[in-house]
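Biologist: Got a minute to go through this one with me? I'd like to start with the ligand.

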Amino acid sequence: MPTTVDVFAKAREHERGEILRAAREADVVPYWRALDSAAGPVVEMEGAERVMLGSNNYLGLTGDERVIRAAHDALDRYGTGMTGSRFLNGTTLLHLELEQELAEWMGTEAALVFTTGHQANLGCLGTILEPGDTVVADSGDHASILDGCILSRAKLRPFRHNRMDKLERTLERAAEDGGGVLVVVDGVFSMEGDVAPLAEIVELCRRYGARLMVDEAHAVGVLGARGAGTAELLGVEEEADLRMGTFSKSLASCGGFIAGPAEVIEYLKIASRPFMFTAAGVPAAVGAALEAARICRSPEGPERFARVLDNARYLHRGLHELGLHVVDPTTLPSGETVVTPIVPVLVADDWKAALLWRALYDAGVYVNVALHPAVPPGGALLRTSVMATHETAVLDRALEAFAGVKRAFEAEHGPLPGPAGETP
Ligand SMILES: Cc1ncc(COP(=O)(O)O)c(C=O)c1O
C-alpha cells in the first residue's frame, strides 16, 4: 500500500503560512529584501537609500579597502572556490595563517576554521558531546548551538536565560546524569544584545566539574581591550575552555572558528562531520577575515571597538529619549554595565513590529525584526545595531525617522511600550 501522507503537506499547511500571506498582502514582510549596494552604514535597497541599522558589520570593515584588497589577492592567488573539504584538498596556507592568527588573538593553543559560524557550533558541539554526556544551555542561546546539541544526542538541560540560580540547580542535576558536562552560552546574546555573567558561570562550572564553551559571535572584535570578546572583558579567558566566533560580523566575511586546547582542535579535525564533510571556506572569504582580524589586532582595533560602542550608546540614548522601550544594557553582578552594538527596541506585538518596520523602511531606515522563536513569545523586537562607521549625522537621521514613525503610529494604534530603565 502506498503512503497517503505527502511530506510536502507541511509546506502548504504550516501555521505561519497564513500570517505570511496576510503580511505579503499588506506589504509589511520585513524579510528577504534585496540590497543593491555594499553593506555599509547607508545602503541602496529596493530603489531607495536607507540607513542600515540591521547589520552585524560592527566594525564597518566589509567596505574597508585593505579587507577588499586581501579578498582580491586571495581570489587571484587561489581562485574562486576550494571544491573540497578542509580535510582533503580544501586547506590553503591562508586557512592555516588565519587559524594561527585566531589562536594568538584568543590566547589559546589552537584554533580551527569552519566554513560558517553555524557549522563551527554544529561541528564542535556535535563532536565533543556524545550520548551519555549532558549539555547545559542558556534558553537564549543561538539556534546553531541548539542544533549542535541536538546533533550530539547528548542530554540537553536548558536553564532560564542568564539566571544563575537556575544554572546551579541544572548543574546539580547534570552532575547526577553520569557523563561529562558542558555548559554552553552566548557571550553576547544575539537578539537582545545582553551579556552572559561569565565570572559567575565559570565559578559554577568549577564547582560542578563542568567544561565551558562561549559563543563569541557578537563579541569578537567588539568587547575587551584586545577585542577578544566577552571572556576577555570579564577576565575569564583562561577558564573559558572553548571559544567560538564567526567571521560574519566584525570580521566582515563568512566563516567561523573554534579556539581552545590543541587536543580538542586535533580531535575536531578528524571527527567533526560539519568540518570534514563540507567544502572549505572560499579563499576570498578567508583572506578578508584574516585581514579584518589583523586590523582588530593592530592599534586601530581598539579605536574601532570604542567607536562602535559609542555609537551604540548614542543610538540607545536617542531611542530612549523618544520614549521607546530600549532593552537595557546588562548590569553585571559586579555593578558594571556592558553596552554592545545591539540596541533592541521592544514592541511586543508581532503585527505592530511588522507595521513599524514598514513605516521605518519607507522613512529610509532598515532595521531587523525579531519574532518568536528568535525571541520569547510576545517579545517582538526591532533589533537595531550599529557600526563603527555610522556617522553621528546618519544616526540622527535615523532617530528623526523613528520620531516621525512613532508619532504617526501611536496616533493610529495607541501607545507603544515606553522606556524601561536607565540610559547607558
Ligand atoms: C550567537 C551566534 N552564533 C552563531 C551564529 C552563526 O554564525 P554564522 O551566521 O556566521 O553562520 C550566529 C549568527 O547569526 C550567532 O548570532
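Modeller: Sure. The ligand is surrounded by 16 residues (each with a heavy atom within 4 Å of it), and the closest are H118, D215, H218, S248 and K249. This is a predicted model, where local features need pLDDT of at least 70 and side-chain atom pairs pLDDT 80 or more, while totals for chains, interfaces and linings use all residues. Residues are numbered from 1 along each chain as its sequence is written, and side-chain values use heavy atoms, leaving out hydrogens and water.

Biologist: How far is the polar side-chain atom of S248 from an oxygen atom of the ligand?

Modeller: 2.7 Å. That makes a polar contact, a pair of N or O atoms within 3.5 Å. H142 also has a polar side-chain atom 3.3 Å from a ligand oxygen, and for G117 a backbone N or O atom lies 3.0 Å from one.

Biologist: And how much of the ligand does the protein bury?

Modeller: 83% of the 390 Å² that the ligand exposes when taken alone, by the Shrake-Rupley method with a 1.4 Å probe.

Biologist: Which element gives the largest share of the shell?

Modeller: α5, with three residues. Helices here are DSSP runs (H or I) of at least four residues, numbered from the N terminus.

Biologist: Switching topic: how do α3 and α12 cross?

Modeller: Their axes, lines fitted to C-alpha atoms over the stretch in contact, come within 7 Å and cross at roughly 145°, on a scale from 0 to 180 degrees between N-to-C directions.

Biologist: Which residues meet there?

Modeller: Among them, A70, A74 and Y78 in α3, and G287, A288 and I295 in α12, with contact meaning heavy atoms within 4.5 Å.

Technical notes. Polar contact = N/O pair within 3.5 Å; in protein donor to acceptor, adjacent residues only side chain to side chain. Helix = DSSP H or I, 4+ residues; strand = E, 2+ residues; numbered from the N terminus.
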